[in-house]
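Student: Could you take me through one part of this structure up close? I'd like to see how the side chains there sit and who they pair with.

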Amino acid sequence: MSQTYNSRIQSLSVEVSELRQELLLRDQLVQQLSSEIFRLLKDNNSLFPQPEVSDSNQAEVQKLKEQLESCEQQAAFYQEQITCRDTEIDQLRQVIQELTDRTRMLEQVVQELPQVYRNKFEERIVPVQKQVAALQKENRQLQAELQSVSYRLALKIRNSSHHAIDLPNFACPTPSESDVPSIPPDS
């Protein structure tokens, strides 16, 4: 995007430079024509009507007047061209200025983008960090509870292993002959 603006600005700058050169050349031509007309009018007194002008002199005067009129028309044409070119140059300068301003603005935006993204990331990461901190706190609490339960269970198991298993005490009668079943004799 910036390259197209830069190339457009460069092409406009080259065109403005060419127009300036052309304008200088036309200014020089107008200056030369003006000087030549002035010199012709100054040096040639035959251009001014004299009471005793012959036909050949009148024809020459008419020819010079036509040349003068042609030169004036050319000078007017060139002046009009110069005015048009000046207008174009002013417009091109304005376009160049606008494009330069826009390019500067875009460059500034591009330079500010990392900071904008950093700020947005920081804004979005804060709730995540809070949630992670809360989960870590809850995890520590659960681990502490688990350790406490494990410790209590271990104590209970240790305490119960030191004592003999409590089995119920049944009174065991001693076997007497009357309680013993008799085995019938083999017959």
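Tutor: Let's start with leucine 113, which sits in helix α2, the run from residue 55 to 162. Bear in mind that this is a predicted model. Leucine 113 has a relative accessibility of 32%, so it counts as partly exposed; the cut-offs that matter here are under 20% for buried and over 50% for exposed. Leucine 113 also has company: together with Met105, Val109, Val110, Val116 and Tyr117 it makes up a nonpolar patch on the surface. Add up the accessible area of those residues and you get about 550 Å².

Now for some charge on that helix. Aspartate 101 and arginine 104 are both in helix α2, three residues apart, or about one turn of the helix. They form a salt bridge, with 3.6 Å between the closest N and O atoms; the cut-off for calling it one is 4 Å. Aspartate 101 comes out at 38% relative accessibility, so it is partly exposed. Arginine 104 has a relative accessible area of 51%, which means it is classed as exposed.

How many salt bridges turn up in the whole structure? The search finds five, so let's look at a couple in the other helix to put the aspartate 101 pair in context.

In helix α1 (residues 2–43), arginine 26 and glutamate 22 are four residues apart, which means about one helical turn separates them. Their salt bridge has its closest N and O atoms 2.9 Å apart. On accessibility, arginine 26 is buried because its relative accessible area is 18%, whereas glutamate 22, at 28%, counts as partly exposed. That pair isn't on its own, either: Glu22, Arg26 and Arg85 are linked in a network of salt bridges.

Staying in helix α1, glutamate 36 and arginine 39 are three residues apart, so again the separation is about one helical turn. Their side chains meet in a salt bridge at 2.3 Å, N to O. Here both partners are partly exposed: glutamate 36 has a relative accessible area of 35%, and arginine 39 has 40%.

So, back to where we began: leucine 113 is partly exposed at 32%, and it belongs to the nonpolar surface patch that also includes Met105 and Tyr117. In that same helix α2 you'll find aspartate 101 and arginine 104, joined by their salt bridge.

Definitions and conventions. Residues numbered from 1 in each chain as written. Predicted model: local features only at pLDDT ≥ 70, side-chain atom pairs only at ≥ 80, totals over all residues. Heavy atoms only, no water. Patch = residues over 30% accessible without salt bridge, like charges linked within 9 Å, V, L, I, M, F, W, Y side chains within 5 Å. Areas by Shrake-Rupley, 256 points an atom, 1.4 Å probe, with all protein chains shown as cover. Helix = DSSP H or I, 4+ residues; strand = E, 2+ residues; numbered from the N terminus. Buried < 20%, exposed > 50% of the residue type's maximum accessible area, 1.4 Å probe, protein only.
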